[in-house]
Amino acid sequence: MPVTVVRCSNPGCRAEAEAKIAAPWKDGAFSELKTYAYSCPEHAEVLIAYAEKRPKPGHYSPGETVGPIATYELATI
Ligand SMILES: [Zn+2]
């Protein structure tokens, strides 16, 4: 099996990502993590701040909710 190495999303950073910056997204019975970026331990805060500043989608469907942005360990997903 090929091993995919995910790199940190911070510009210029070549470190291997250990977490993803994501928000729990739910639409009725269906839920998933909405991924904004991948992060090494050093850049998690920078990338969370960047994700929070990104413009939100202008329209949500009824019953659609997006939770707070947080880090999720890649190994647990
Ligand atoms: Zn990094």
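A residue is taken as buried if 20 or more other C-beta atoms lie within 10 Å of its own C-beta atom, as exposed if 12 or fewer do, and as partly exposed in between. In the predicted model analysed here, R7 has 13 other C-beta atoms within 10 Å and is therefore classed as partly exposed. R7 is located in the segment that precedes β1. Its contacts, apart from neighbours within four places in sequence, are R14, E16, A17 and Y38. Between R7 and A22, which are 15 residues apart along the chain, the C-alpha separation is 16 Å.

The protein chain contains 1 helix and 4 strands, arranged along the sequence as β-β-α-β-β. The C-alpha trace extends over about 40 × 30 × 15 Å along its principal axes. Of the 77 residues in the protein chain, 18% are buried. When contacts between residues at least 6 apart in sequence are considered, 57% of them link residues at least 24 apart.

The largest nonpolar core comprises 10 residues, namely C8, A17, A19, I21, A22, A37, Y38, A44, L47 and I48. At least two residues of this core come from each of β1 (19-27), β2 (30-39) and α1 (44-53). Two of the contacts of R7, A17 and Y38, belong to this core. I21, also a core member, has contacts with Y36, A37, S39, L47, I48, A51, I69 and T71 when residues up to four places away in sequence are left out. Among these partners of I21, A37, L47 and I48 are likewise part of the core.

Note on methods
Residues numbered from 1 in each chain as written. Predicted model: local features only at pLDDT ≥ 70, side-chain atom pairs only at ≥ 80, totals over all residues. Contact = placed C-beta atoms within 7 Å. Core = buried A, V, L, I, M, F, W, Y, C linked by C-beta atoms within 7 Å.
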